[in-house]
Amino acid sequence: MDTNLKNEDIKRNLLTSSTLGIFLMMLILTVMSVFIYEPLKNYILPSFAGIPSFDRLESCIVLILAIGGISILLLIIIAFSIPYSSQSKASIVKLFNNMYLEFKLLTWIIFFIPFFLGINVIGYNQNYITGFNFVEIINEANWYFYLIGIPVTFVLYNLIYLSICHIKHIYHKGFVNGFIKNSILGKIFFYIIDSIKKIANGILEFDTTDDSHKKLLGLLGINLIALGLISLTFPFGIILALVYTGVLFSYIAKMVDKARVLNEASSRLAKGNFDAVLPEDMGILSPYARNLNNIKEGFKVAVEKEVKSQNMKAELISNVSHDLKTPLTSIITYVDLLKNEETNEESRKEYIDILDKKSKRLKVLIDDLFEASRASSGNIEIHPEKLDVVALLRQTLGELEEKISESSLQMKVSLPENKVICELDGRRTYRIFDNVISNILKYAMPNTRVYIDTEENEKDISFIFKNISSYEMNFDASEITERFTRGDRSRNTEGSGLGLAITKSLVALQGGSLHINIDGDLFKLIIAFPKA
């Protein structure tokens, strides 16, 4: 039972979802409609003997229209009862649905033209027309009736079926997409609407403060005035129009030349040639010329920064190698000396002491290297809290009091007595102050003064550290905060060259800023933190 139902569904789907199936269905309905005419005529209408031909013709046409009306009603019921999902698979349905609405109407018009011509022939000429007597064909239902009736009815039923499928298509796609946009006039209408919207948006977005827009607006105004004057001077309009055309052509030619220069400059710029200089007085194209010049300068700066970065990377690798290799070489050397059995106890203790210092030195370097890497990448957890940043600096100075006393430096500290609350990570901020003061103790000239001051305003507080360097600072101020860069270019001191690099990253991670100024031997470092 279920198998039979499934087979019937498959057959029905094949009949309605293919072009051949639709044609077969329309052909069956056509044959039924055409061949039922003669039996019904003989049964319903009695003998026509003695009745004029045109009286008989009227009754026959009524019968034909009745059969056609019933057949079309049956066709409409069938077409609407079949699911659209099945109908839309047929190629002929897809083709008809995708046709523009105007072509569909043209198809119907082409179909009805011969029909109306036939009525005119029957109405105005009862004689044989090219060998055919249409009155006799309809009255007698001879073989001409079937030869003409079957193809005409077949085409009509197909057009009706496809039109119903198109109505369903409109229902599924929506009236706008299925009907209006599926017509040439509809597409033209929407194109005009979209063009008006673009023009309106362009007018609304017109920036009267922009130089190019101002010049364009002025050009438009001059153009309107010129056209108005030409239209008012009728006898001389042609001459003025020629003059105006010449002036306009000259202006456009100049703009084209300037656009060509602009294009050539942009091509050279794209190839990496930064030597070309564009004149910025280029009329309506001036903003673009200025932008190209700015881009060129920006590229130059970017290239210089990249070259500098590459050089610094090479120097960084060299410095890392040097700083790690020095204590490591010492460790290897003294380990070899300890292996010597002839080494006495006193020398052994001395070697072990040196190994301890060098290994600790190596550990500090590695720890600083990892800390610098994490700080520069932002891969450090910051736990901000409200703290008195001035008190934290005092605490740092107190913990470094022993080192400060051992040095020959004189600390001149001037800090405010009041609390200054900032939202900072206490441990990281202590590391910042410790790095800065330790850097001063290493690189400041002996027997000189070190000044630590503050500047406070409503938004932030700045800590200013000033000292005289013991080494010649023949480098840019920005270089000193790069990794493994030292004031001591000979690299004879114990510094890792990472202290200020770590300090700068930690300050930035907490929303602060670090600036360095160098004036001869005067080294000035300013750290600013926002207040809470």
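1. A residue is called partly exposed here when its relative accessible area falls between the limits for buried, under 20%, and exposed, over 50%. Asp-353, with a relative accessible area of 39%, is therefore partly exposed. The structure discussed in this note is a predicted model, and the points below should be read with that in mind.

2. Asp-353 is also a partner in a salt bridge, the other side being Lys-357, and the closest N and O atoms of the two are 3.8 Å apart. Both residues belong to helix H15, which spans residues 345-377, and because they are 4 residues apart in that helix, about one helical turn separates them. Lys-357 has a relative accessibility of 55% and so counts as exposed, whereas Asp-353, at 39%, is partly exposed.

3. Helix H15 holds another pair of this kind, since the side chains of Lys-360 and Asp-356 meet in a salt bridge with an N to O distance of 3.3 Å. These two residues, Lys-360 and Asp-356, are likewise 4 residues apart in the helix, about one turn. Asp-356 has a relative accessibility of 34%, which means that Asp-356 counts as partly exposed.

4. How many salt bridges does a search of the whole structure find? The search finds 3, and one of them joins the side chains of Lys-531 and Glu-456 at 2.6 Å, N to O. This pair links distant parts of the chain, with Lys-531 in the segment after S7 and Glu-456 in strand S4, 75 residues apart. Lys-531 is partly exposed, its relative accessible area being 26%, and Glu-456, at 38% relative accessibility, also counts as partly exposed.

5. Glu-456 leads on to the sheet, since its bridge partner in S5 is Ile-461. Strand S4 (residues 449-456) and strand S5 (residues 460-468) run antiparallel and are joined by 6 bridges, and a hairpin connects S4 to S5 through 3 residues. Elsewhere along this pairing, Ile-452 stands opposite Phe-465 in S5. As general background, strands of a sheet pair through backbone hydrogen bonds, either parallel or antiparallel.

6. S5 pairs with S7 as well, in the antiparallel sense and over 9 bridges, and within this pairing Asn-467 stands opposite Phe-523 in S7.

7. Taken as a whole, the sheet is open and consists of 5 strands in the order S2-S4-S5-S7-S6, with mixed pairing. Its edge strands, each of which pairs on one side only, are strand S2 (410-413) and strand S6 (513-519). Neighbouring strands of the sheet are turned by 15 degrees against each other on average, with direction ignored. Helix H19 packs on this sheet and touches S6 and strand S7 (522-530), the direction of the helix making about 25 degrees with that of S7.

8. Which residues of helix H19, residues 499-509, are buried? The buried residues in H19 are Leu-500, Ala-501, Ile-502, Thr-503, Ser-505, Leu-506 and Val-507. Just after this helix, Gly-511 takes a positive phi of about 80 degrees.

9. Elsewhere on the surface there is a nonpolar patch made up of Phe-103, Leu-105, Leu-106, Ile-109, Ile-110, Ile-113, Ile-184, Leu-185, Ile-188, Tyr-191, Ile-192 and Ile-196, which together have about 1,200 Å² of accessible area. The elements that contribute two or more residues to the patch are helix H7 (101-124) and helix H11 (184-204). Among the patch residues, Ile-113 is found in helix H7. Why does Ile-113 count as partly exposed? Its relative accessible area is 44%, which lies between the 20% and 50% limits given at the start.

10. The last point concerns a loop, namely the one between helix H13 (237-270) and helix H14 (286-339), where Asp-275 is found. Asp-275 counts as exposed because its relative accessibility is 65%. The C-alpha atoms of Asp-275 and Lys-300 are separated by 9.9 Å, while the two residues are 25 residues apart along the chain.

How values were computed: Residues are numbered from 1 along each chain as its sequence is written. This is a predicted model: local features need pLDDT of at least 70, side-chain atom pairs count only at pLDDT 80 or more; totals for chains, interfaces and linings use all residues. Side-chain values use heavy atoms; hydrogens and water are left out. Patches are made of residues with over 30% relative accessible area and no salt bridge: like charges are joined within 9 Å, nonpolar side chains (Val, Leu, Ile, Met, Phe, Trp, Tyr) within 5 Å. Accessible areas come from the Shrake-Rupley method with a 1.4 Å probe; for residues, only the protein chains shown count as cover. A salt bridge is a side-chain nitrogen of Lys or Arg within 4 Å of a carboxyl oxygen of Asp or Glu. Buried means under 20% relative accessible area, exposed over 50%, partly exposed in between (1.4 Å probe, protein chains only). Two strands pair if DSSP finds at least two bridges between them. Axes are lines fitted to C-alpha atoms, for helices over the stretch in contact, and angles run from 0 to 180 degrees between N-to-C directions. Contact means heavy atoms within 4.5 Å.
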